[in-house]
Number of protein chains: 2
Amino acid sequence: MSKRMIRIFDTTLRDGEQSPGASMNLSEKMEVAQALVELGVDVIEAGFPIASPGDFEAVREIATNVTGSVIAGLARCNDEDIDRAWEALKGAEAARIHVFLATSAIHREFKLKMDKDEIIQRAVNGVKRAAGYCSDIEFSPEDASRTELDFLCAVIEAAIDAGATTVNIPDTVGYATPAHMAKVIRTLCDRVPNIDKAVVSMHCHDDLGLAVANSLAGVEAGAGQIECTINGIGERAGNCSLEEVVMALRTRGDYYQADTRIKSQRLVPTSRLVSNITGLVVPRNKAVVGRNAFAHEAGIHQDGMLKEPTTYEIMRPVDVGFAKTDLVLGKHSGRAALGDRAKALGYSLTAEQLREVFDAFKVLADKKKEVYDDDIAALIDQQTRDDVAESWTMVSYEVAAASGKTPSVTLRMKHGQREVTETVASGDGPVDAMFLAIEKITGVPTVCKDFRVQAVTVGKDAQAEVNVELEYHGRVQRGRGVSTDSLEASALAFLNAINRITVYRDAPAQGVQATL
Amino acid sequence: MSKRMIRIFDTTLRDGEQSPGASMNLSEKMEVAQALVELGVDVIEAGFPIASPGDFEAVREIATNVTGSVIAGLARCNDEDIDRAWEALKGAEAARIHVFLATSAIHREFKLKMDKDEIIQRAVNGVKRAAGYCSDIEFSPEDASRTELDFLCAVIEAAIDAGATTVNIPDTVGYATPAHMAKVIRTLCDRVPNIDKAVVSMHCHDDLGLAVANSLAGVEAGAGQIECTINGIGERAGNCSLEEVVMALRTRGDYYQADTRIKSQRLVPTSRLVSNITGLVVPRNKAVVGRNAFAHEAGIHQDGMLKEPTTYEIMRPVDVGFAKTDLVLGKHSGRAALGDRAKALGYSLTAEQLREVFDAFKVLADKKKEVYDDDIAALIDQQTRDDVAESWTMVSYEVAAASGKTPSVTLRMKHGQREVTETVASGDGPVDAMFLAIEKITGVPTVCKDFRVQAVTVGKDAQAEVNVELEYHGRVQRGRGVSTDSLEASALAFLNAINRITVYRDAPAQGVQATL
């Protein structure tokens with residue numbers, strides 16, 4: 001029997017981006033979208049165009065420039081939302097309008113104040129309007145898993161009749177069990193007469209740790225699409241993890257008799273990219289993509305592994321994109337060697353980018369005897385991602401600090417061509433003093449919401465990667481800096497965030513967001 | 001219908017501690033064990049006594065001093081392991097010997113080189129020897145989920161006949177699906193004639209993201225015990241998360257008709273404790289205990305939340321132990337106020353401990369206008385946890401650094417009463433130079449395997465918490481330091497690790513470890 005192909009609908013850029021702290025700017029979204037195409041996802045939900053001008057622009061840019069996957073945009077069931085979604089999507093090679101409307105009793109009563117007939121009418125109107133623009137229409141009854149089954153069947157039938165080609169069943173609050181999800185999907189497949197005209201889709205949240213299992217239960221019961229995110233990011237406890245659900249289907253293809261088009265070797269690079277961009281750390285023990293996922297600590301395991309790998313290994317690290325070797329480069333390595341490693345790590349650099357990364361690599365290799373894969377990845381991320389117009393750049397710093405005394409920092413920065421020097425003697429330590437000096441020079445007062453440093457690789461000369469979140473007038477911007485000097489990396493991260501703040505401070509505030 | 005009570009068997013101290021990087025020392029294990037009793041777990045697996053003298057000592061100390069939960073020790077099916085386990089457990093108020101033996105074809109052939117009859121005989125002998133010591137005996141057929149069902153039934157029947165009172169079904173490699181686990185448990189319940197004389201237990205790994213779902217599927221099919229860990233730590237992708245499986249059963253008690261004795265308000269404090277001790281970060285989007293688990297970002301959600309919380313909330317934050325308010329203390333707060341917050345945060349301090357923590361609090365409150373819950377938790381962790389004999393302590397430091405120049409650190413330290421001062425001009429930045437100065441003074445050469453800084457709370461005067469992992473002769477020790485000055489916190493973390501290395505460097509190397 002040939003395996004059913006399950007469509008992967010990635011919503012990292014829409015539901016994932018709604019994670020507190022995970023918002024992305026335009027070029028970051030473009031980069032993620034391109035990585036998702038290379039990963040082989042069938043549909044990319046690029047955003048919710050009505051939500052804000054930034055969301056609209058991101059969906060439009062992705063729709064216009066990214067090919068190879070269907071590009072979807074979200075809309076509530078009203079004309080304005082749908083028109084705006086199509087406006088953003090119309091340049092796409094393949095576009096999908098995704099309309100949603102809550103259907104459960106609690107939402108009908110408390111949020112929408114509409115009765116069942118009104119809900120069906122609104123859903124039908126929305127799907128019809130969308131179908132006037134394009135043929136690929138997805139309809140989602142929000143809070144479907146808590147909707148009365150009879151009514152859910154009626155809504156789904158009406159939506160398909162109106163032109164929906166995919167019907168998505170969100171477990172919006174992450175309340176469902178696998179048996180419950182299976183029952184819902186089976187009921188729809190059995191009782192909705194026109195169900196064969198649409199693909200049934202799963203959209204599960206992980207509040208009880210069951211998002212992957214609920215999605216798979218739906219597939220077993222007949223669903224043909226799974227909505228998921230890289231690293232399982234998303235509101236609250238997040239969405240179904242793409243990497244977990246994909247590898248469960250592939251590893252247990254014998255049982256599920258289903259597979260996806262995902263190129264599994266791209267899972268780890270894509271996971272790293274999204275983690276770097278959002279600042280959301282992948283825990284060591286994350287299935288499939290975590291640092292420990294293939295680490296076999298126990299002595300007995302290692303013994304068994306030597307005798308026969310399958311005693312303890314159900315997947316091979318190389319199949320999910322962990323590099324086979326941690327080949328070390330050094331100051332004598334050439335540009336070709338660096339290019340090869342970059343390619344093996346999943347980056348496709350232009351000649352110009354490779355030249356820039358190579359220049360930075362030579363500087364690093366002078367400071368650092370052994371340059372590891374993770375160092376190279378950090379370099380490339382640093383060199384190729386910084387789209388923010390750097391109104392402020394650092395020239396140099398000097399710091400003097402001693403325990404129990406007030407630290408002093410002298411900082412030289414450039415604003416365009418203008419150089420500014422400021423000495424600050426304040427703060428609890430050198431990082432704090434550096435931060436205060438940056439604030440004094442730039443005149444941008446912020447609240448530090450998060451500050452994290454991590455070593456990129458091992459050893460005393462490891463590079464430090466610093467992530468910060470600064471709040472300015474109620475909006476949070478992330479910043480990232482990498483250097484072998486963690487104090488310099490901290491300064492770069494603060495400056496990166498400040499530059500983002502100055503770029504975006506005049507942009508309108510984030511508008512409404514969506515829920516599924 | 002009254003709900004079935006499912007036993008919670010926590011293996012954070014055994015399977016969890018086998019996570020690469022998560023090893024704990026004796027006093028840390030004691031602290032976790034005490035927290036597990038307060039959480040209400042039925043059984044605490046304290047370790048694998050034969051594995052190493054450290055494991056033996058930890059199980060013995062916990063067995064002798066911790067009451068309120070059954071204390072279990074692990075043993076392979078041989079006399080030496082079992083005798084050693086009992087030696088460690090015999091002082092316990094309630095002890096359980098847990099014996100295991102692999103049963104799957106691949107393990108029989110490649111690891112054990114034994115046929116089926118030999119396996120059964122070995123299992124029976126092991127259970128009988130253990131039953132000679134105590135009446136509470138658990139038997140685990142390793143890799144049970146990949147064992148032929150007929151043979152698994154035969155082994156389980158023989159083990160129960162020999163005296164096993166709990167029979168545990170490990171999905172050792174994390175390969176099972178919920179439907180498969182349900183089938184295995186149902187088959188055992190249907191076909192093993194003496195199954196009513198034992199409790200059937202689940203032990204699931206998360207390699208495909210299904211550990212929680214597989215455990216719940218087993219409970220639906222008749223299992224009466226779940227083996228799990230705090231934060232789901234454990235080998236590779238880890239074990240079933242205690243907090244997720246417990247809250248799934250409680251939140252969906254209507255469906256599972258089962259519950260546990262867990263005091264759910266202790267989940268977040270226990271999660272924090274284990275994360276602090278092991279250095280394994282809890283991701284923001286971790287179900288139940290993650291920082292975002294109850295954060296509703298989306299505008300529509302917030303609107304719904306205001307109208308009716310249950311539109312988007314299936315659990316209340318307060319029910320899993322998120323403090324209701326983030327009450328702020330300051331320099332004028334008294335010892336009673338601090339004691340109240342500590343209690344609310346889940347700490348039970350002795351009068352002596354409260355005095356010490358209060359002294360440290362006054363120092364902090366002088367530097368920091370607002371002292372948050374997380375600051376207080378960090379203070380208490382710092383003051384009450386440091387058991388390591390501090391052979392080396394820091395007196396003071398001075399640092400001078402500038403971009404592009406070699407940083408210089410003058411460090412004064414004490415070794416016992418002897419004061420040593422050293423100036424080092426080397427390294428890539430101040431942290432690096434500090435590290436080199438510590439190495440020079442202590443004479444302990446290490447490789448830095450991990451270095452992480454995170455802000456404990458928000459704002460410029462936030463405390464920094466630094467975690468490091470230093471490798472010394474192939475063994476890794478963690479260190480932790482907290483200060484409002486992140487450079488000082490880094491030095492404290494390095495010193496903490498060095499002190500652990502000097503304490504443990506003469507201890508015998510870690511021995512064999514277990515797999516289930």
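Let me start with the interface between the chains: in this predicted model, 100% of the interface residues of chain A are also interface residues in chain B, so the copies meet through the same surface. If we superpose chain A on chain B, the operation is a rotation of 180° with 0.0 Å of shift along its axis, at an RMSD of 0.1 Å, and that is the relation of a two-fold axis.

Turning to the fold within chain A, there is a closed barrel of eight strands, which runs β2-β3-β4-β5-β6-β7-β8-β9 with parallel pairing, and neighbouring strands of this sheet are turned by 25° against each other on average, with direction ignored. To take one pair from the barrel, β3(A), residues 43–47, and β4(A), residues 70–76, pair in the parallel sense over four bridges, with Val43(A) standing opposite Val70(A). Across β3 and β4 of chain A lies helix α2, residues 53–65, running at about 145° to β3(A), while helix α6 of chain A, residues 149–162, lies across β6 and β7 and runs at about 160° to β6(A).

Now to α2 in chain B, which has 13 residues and reaches 18 Å from its first C-alpha to its last, close to the 18 Å expected at 1.5 Å a residue. Which residues of α2(B) are buried? They are Asp55(B), Phe56(B), Ala58(B), Val59(B), Ile62(B) and Ala63(B), and they cover an arc of only 165° around the axis, which puts them on the same side of α2(B). In general, an α-helix has 3.6 residues a turn, so residues three or four places apart point the same way. What covers the buried residues of α2(B) includes α1, β3, β4 and α3 of chain B.

Conventions: Residues are numbered from 1 along each chain as its sequence is written. Chains are lettered from A and ligands numbered from 1 in the order in which they are written. This is a predicted model: local features need pLDDT of at least 70, side-chain atom pairs count only at pLDDT 80 or more; totals for chains, interfaces and linings use all residues. Side-chain values use heavy atoms; hydrogens and water are left out. Helices (H or I, at least four residues) and strands (E, at least two) are DSSP runs, numbered from the N terminus. The expected span of a helix is 1.5 Å times one less than its number of residues. Buried means under 20% relative accessible area, exposed over 50%, partly exposed in between (1.4 Å probe, protein chains only). The arc is that of the directions from the helix axis to the C-beta atoms. Contact means heavy atoms within 4.5 Å. Copies are superposed by least squares on the C-alpha atoms of residues with pLDDT of at least 70 in both. Two strands pair if DSSP finds at least two bridges between them. Axes are lines fitted to C-alpha atoms, for helices over the stretch in contact, and angles run from 0 to 180 degrees between N-to-C directions.
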